[in-house]
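Me: Please walk me through this structure. I would like to know what lies behind each label.

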Amino acid sequence: RPRISWNSERRCRLDVDACATFQSLIAKSRVWPVEVFRLPTPPTTGGPGTQAGGSKQKEESLPSYHGIAYVNLTPLLYPGATRLRGAYPVQPYIESEAS
C-alpha cells in the first residue's frame with residue numbers, strides 16, 4: 001500500500017483579529033479539506049552546451065494525481081498548540097463533491 005509522506009510548511013503572521021477569526025472558523029468547521037496533487041517532473045533540457053540566450057518554454061503540466069485529505073484542525077484550538085501532525089487518508093478529488 002503506497003504511503004504519502006512530505007515535510008512542508010508555510011508560515012504566516014496573524015494579527016489578533018485574524019487569529020480570533022481563524023479560531024472561530026475552526027470551531028465552526030473542525031475538519032478542513034486540504035488539496036494534494038502531484039505534478040510530473042519536467043524533463044531537463046539544456047546543459048553545459050546550451051546558449052545563455054536560449055528561450056525556455058513554460059509548459060503547464062496536468063497533475064498526475066489530484067486528491068483531497070480532510071484534516072481535523074481542532075488540536076490548534078488548545079492553548080500553546082502551534083503545529084498539527086497526523087496521518088490522513090487522501091481520497092480522489094471530485095470537483096462536484098468539493099464545491
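Reply: Start with a term. A polar contact is a pair of N or O atoms within 3.5 Å; within protein, one must be able to donate a hydrogen and the other to accept it, and residues adjacent in sequence count only if both atoms are side-chain atoms. The model is predicted: local features need pLDDT of at least 70, side-chain atom pairs pLDDT 80 or more, while totals for chains, interfaces and linings use all residues. Residues are numbered from 1 along each chain, and side-chain values use heavy atoms, without hydrogens and water.

Me: What makes the link between the side chains of His66 and Glu35 a polar contact?
Reply: The distance is 2.6 Å. The limit is 3.5 Å, so the pair fits.

Me: Which residues does His66 contact, leaving aside neighbours within four places in sequence?
Reply: Glu35, Val36, Phe37, Pro92 and Tyr93. Contact means heavy atoms within 4.5 Å.

Me: Why is His66 called partly exposed?
Reply: Its relative accessibility is 28%. Buried means under 20% relative accessible area and exposed over 50%, with partly exposed in between (1.4 Å probe, protein chains only). So His66 is partly exposed.

Me: Why is the aromatic pair of Phe22 and Trp32 called edge-to-face?
Reply: By the ring rule, the count is one aromatic pair. In the pair of Phe22 and Trp32, the centres are 5.6 Å apart and the planes meet at 85°. Rings of Phe, Tyr and Trp (its six-membered ring) pair if their centres lie within 6.5 Å; planes under 30 degrees apart are stacked, over 60 edge-to-face, the rest tilted. So this pair is edge-to-face.
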